[in-house]
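Open your viewer, get the sequence panel ready, and let's take a walk. At each stop you'll get something to select and something to look for.

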Amino acid sequence: MLISVVIPTYNRLPILRKCLNALENQFFIDDIHDYEIVIVDDGSTDGTTDWLRNNLNDFPHLRLLEQSHGGPAMGRNFGVANSKGDLIVFIDSDLVVDKFFLCNHVNSLISAWKKLGNRKCFTYGSVINTSNFNNPKSEPFKFQDLSWAYFATGNVAIDKKVLEISGLFDTSFRLYGWEDLELGERLRNMGVKLIKCPKAIGYHWHPALDLDQIPHLIQIEKERAKMGLIFYRKHPTL
């Protein structure tokens, strides 16, 4: 099985370095023949693409794609369209995974495929939030790390053909939020089952809150509200 880890990124170079280092240090099992890390740079202005091109030898699994700033939905679709794998893993570029991350996703999926008799399912891993930049993996799992989303691209794995049948992400979602939840609704309607995979752990880094972040956080919530309206127009239910 060839795995494609698809990661859109925009101006997150410092934590992206940690993300890539962790992905290059993966434990293999027989069912994983190989894997690729498909980075889709969404028009970063912080030197991300220059740094990646200058350090390709350090990341043998890395493939770099570039697009004009169009948002994560467009970036993930671009990454999937250019991926070579049978299995797609989505994570965010500020997520640092442990060395058993890929094999835990694969083991859970193979078990579910055998039980279901088809591949209409996806695995949803654990996301542990942390503000510890130097050692993200030191953070323990907390009650507030629980997620009630059906499908969230911070840490999921899904068969590529099932994903393609769903129609991929709606690129109307150009701003922050909702594009993965909207795809999740379509997957749910297709009968694609959620398989919890708590052993596939990712540590989601975000800086500790300070007053300087307030304008950015307000902007994020404004964008989330606009995208929420698009979601509601497509799925007008409670």
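How many bridges join strand S1 (residues 2-9) to S4? Before you count, keep in mind that this is a predicted model. Now select S1 and S4 together: four bridges join them, and the two strands run parallel. For one rung of that ladder, click on Val6, whose bridge partner in S4 is Phe90.

Keep S4 selected and add strand S7 (residues 155-159). Here the pairing with S4 is antiparallel, and it spans five bridges. Ile91 makes a good landmark, since its bridge partner in S7 is Asn155.

Now show the side chains of S4. In a regular strand, side chains alternate between the two faces of the sheet. Which residues sit on each side of S4? You'll find Leu87, Val89 and Ile91 on one side, with Ile88 and Phe90 on the other, and all of them are buried. Because five of the five residues of S4 are buried, the strand is largely enclosed by the rest of the structure.

Step back along the chain to Ser83, in the loop between helix H3 (72-81) and strand S4 (87-91). Is Ser83 buried or exposed? Its relative accessibility is 8%, so Ser83 counts as buried, the cut-off being under 20%. Zoom in on its side chain: a polar atom there lies 2.7 Å from the backbone oxygen of Val80. Beyond the neighbours within four places in sequence, Ser83 is in contact with Ser4, Glu36, Arg63, Ile88 and Lys160.

Next up are the charged pairs. Side chains of opposite charge can pair when their charged atoms come close. The structure holds 14 salt bridges, and we'll visit a few.

- Select Glu179 and Arg76, whose side chains meet in a salt bridge at 2.9 Å, N to O. This pair links distant parts of the chain, with Glu179 in helix H6 (residues 179-189) and Arg76 in helix H3, 103 residues apart. Both Glu179 and Arg76 are buried.
- Select Arg119 and Asp159, which form a salt bridge at 3.1 Å, N to O. Arg119 is in the loop between helix H4 (101-116) and strand S6 (121-130), while Asp159 is in strand S7, 40 residues apart. Arg119 is partly exposed, with a relative accessible area of 38%, whereas Asp159 is buried at 6%.
- Select Lys142 and Asp145, a salt bridge whose closest N and O atoms are 2.9 Å apart. Asp145 is buried, with a relative accessible area of 7%.
- Select Asp170, Glu182, Arg186 and Lys234 together: salt bridges that share partners join them into one network.

Last stop: the inside. In soluble globular proteins, nonpolar side chains tend to be buried together. Which residues have the most contacts inside the largest nonpolar core? That core has 38 residues, and the answer is Ile3 and Ile91. Colour the elements that give two or more residues to this core, among them S1, S4, H4 and strand S8 (193-205). The largest share, eight residues, comes from H4.

Now centre on Ile91 again. Leaving out residues up to four places away in sequence, Ile91 touches a crowd that includes Val5, Val6, Ile7, Cys19, Leu23, Val97 and Phe101. To finish, pick out Val38, Leu65, Ala152 and Leu168, which are included in a second, separate core of 23 residues.

Note on methods. Residues are numbered from 1 along each chain as its sequence is written. This is a predicted model: local features need pLDDT of at least 70, side-chain atom pairs count only at pLDDT 80 or more; totals for chains, interfaces and linings use all residues. Side-chain values use heavy atoms; hydrogens and water are left out. Buried means under 20% relative accessible area, exposed over 50%, partly exposed in between (1.4 Å probe, protein chains only). A polar contact is a pair of N or O atoms within 3.5 Å; within protein, one must be able to donate a hydrogen and the other to accept it, and residues adjacent in sequence count only if both atoms are side-chain atoms. Contact means heavy atoms within 4.5 Å. Two strands pair if DSSP finds at least two bridges between them. A salt bridge is a side-chain nitrogen of Lys or Arg within 4 Å of a carboxyl oxygen of Asp or Glu. A nonpolar core is a set of buried Ala, Val, Leu, Ile, Met, Phe, Trp, Tyr and Cys residues joined through side-chain atoms within 4.5 Å.
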